[in-house]
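Grab a pencil and work through these exercises with the model open beside you. Each one sets a task and then walks through a solution.

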Amino acid sequence: MQIVQTSSTSGVNAKGAGTARVVDDASAAISGSASARSEAPAARRSAAGLQRGLSNWDHQLQGEISNAQQTLDYLERSSSQLQSLKSELAAKLAARLGREGQVEARVRQFSNTWRQRASASGGTLDAQLSYTSPQASQQNFSIRGLTMASLQEGPQEVLAFSVGGANQALRSVNIEPGLSENEIVSRFDRALMPSGIGVKLGENGELVFSTSEAAWANVRDSLSVRGSGIRYPTGQMSRVRTDAEPAAITPEEWHTGDMEALRATLQQVVQALARLQAARSSVSLALAQATGRVARAQPVQVSVSMDTLAENFTQKASQPGYESLLAISSALVGISRERVVALLGLE
């Protein structure tokens, strides 16, 4: 059975002339017309099911679009604030003093905005301004004492890690002589993944650990390790010291006390603007890609919904009872002899 849907009328074939009206009625139900509101409960349920089919796109895709739009708004607001700060700094350095305290106020304003980065971007923009949607933003860090050189040298040792306190399960990593950098990274990554910690090889051959920004405070404050007295002398479970990867923008380091500080701050503001622009380009590309996926997915969803509607009509029409009569009589309303003859002449 084939159903052709148009903006004003419905097409039917020679053997299924009644189905077109059902499509029209379902479309009216989706648009909220008055006639749809007066349908029987069963017909309204069918129309509601079709509406859900037409609008029920991939929830993850919808989330990606929402995250991208939210992040773009945040980046544009941040860029606007930095542009204003840049102008104030340039004016003050050129002896056009402007209003007293205006530069300091602009720095405080952007500092507050930067602290809102995680919530304002839905947790998808990390401290390096990398856009991570649909994954949550990550915090990279290193563990003091765990260098690639120290792990490749020395005798065999089993390192046991704990996150969240002494009652948490231990994750063990077996270190032995002759392991390559990739083998060491792989063993750490497999062992710590259940604790929400990933491990990769850094640009300079160092171990880079990462966890979600939401979990970072807990990891930072509770990560412990126990060795056999080789790389960690006590041989007991003890807290490790972690160093977070510095953020791409550090407004807390911007000072305005003298001309030299103003010039240094201006330079950092210009660099921050460039980073924000690069981030905006990246997020805009992600938004365009997600929107394109919606455009490609929508016709498929509509086609599936029409097939489902046709199957529902066939099922109801084949069963005795009130709903069968309602489906058939509703489909035949408005079907004239001239219309049927005209449509049959298209074959």
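**Exercise 1: confidence**

Over which residues does pLDDT stay under 50, and how many contacts beyond four places in sequence does the model have for them?

*Solution.* Start with the overall picture: this is a predicted model, with an average pLDDT of 78. Next, 69% of the residues score at least 70. Now look for the weak stretch: residues 1-56 stay under 50, and the model has 75 contacts beyond four places in sequence for them. Where pLDDT is low, the predicted coordinates should not be read in detail. Keep that in mind when you look at residues 1-56, with their pLDDT under 50.

**Exercise 2: the cores**

Work out which elements supply the largest nonpolar core, and what L75 touches.

*Solution.* Step one: this core has 30 residues, and L75, L82, L85, L129, I249 and W254 have the most contacts inside it. Step two: α4 (59-93), α5 (102-115) and α10 (259-317) are the elements that give two or more residues to it. The largest share, 11 residues, comes from α10. Step three: zoom in on L75 and skip its neighbours within four places in sequence; what's left is contact with L125, L129, L276, A279, R280 and V283. Finally, don't stop at one core: a second, separate one has 26 residues, including L146, L159, V163 and Y232.

**Exercise 3: a threonine in a helix**

Is T265 buried or exposed?

*Solution.* First place the residue: T265 sits in helix α10. Then check its relative accessible area, which is 1%. Buried means under 20%, so T265 counts as buried. As for company from beyond four places in sequence, T265 touches L89, W254 and H255.

**Exercise 4: one open sheet**

Put the strands β3, β6, β7 and β10 in order and find the edges.

*Solution.* The four strands form an open, antiparallel sheet that reads β6-β7-β3-β10. That leaves β6 (198-201) and β10 (242-244) as edge strands, each pairing on one side only. From one strand to the next, the twist averages 35°.

Now go pair by pair:

- β6 and β7 are joined by four bridges, with K200 partnered by V208 in β7. The two strands make a hairpin with five residues between them, and G205 in the turn has a positive phi of about 80°.
- β3 and β7 also have four bridges, and Q139 stands opposite T211 in β7.
- β3 (residues 138-143) and β10 share three bridges, with S142 partnered by D243 in β10.

Last step, add the helices. Helix α8 (residues 181-192) lies across β6 and β7 (207-212), at about 170° to β6. Helix α9 (residues 213-222) lies across β3, β7 and β10, at about 115° to β7. Five of the six residues of β7 are buried, so this strand is largely enclosed by the rest of the structure.

**Exercise 5: the other four strands**

Do the same for β4, β5, β8 and β9, and find the helix that packs on their sheet.

*Solution.* The order is β5-β4-β8-β9, again an open sheet with antiparallel pairing. Because β5 (171-175) and β9 (238-239) each have a single partner strand, one side of each is left without a neighbour in the sheet. Five bridges join β4 (residues 157-162) to β5, and E157 has I175 in β5 as its bridge partner. The helix you're after is α8, which touches β4 and β5 and makes about 165° with the direction of β5.

How values were computed: Residues numbered from 1 in each chain as written. Predicted model: local features only at pLDDT ≥ 70, side-chain atom pairs only at ≥ 80, totals over all residues. Heavy atoms only, no water. Core = buried A, V, L, I, M, F, W, Y, C linked by side-chain atoms within 4.5 Å. Buried < 20%, exposed > 50% of the residue type's maximum accessible area, 1.4 Å probe, protein only. Contact = heavy atoms within 4.5 Å. pLDDT = per-residue confidence, 0-100. Pairing = 2+ DSSP bridges. Axes fitted to C-alpha atoms, helices over the stretch in contact; angles between N-to-C directions.
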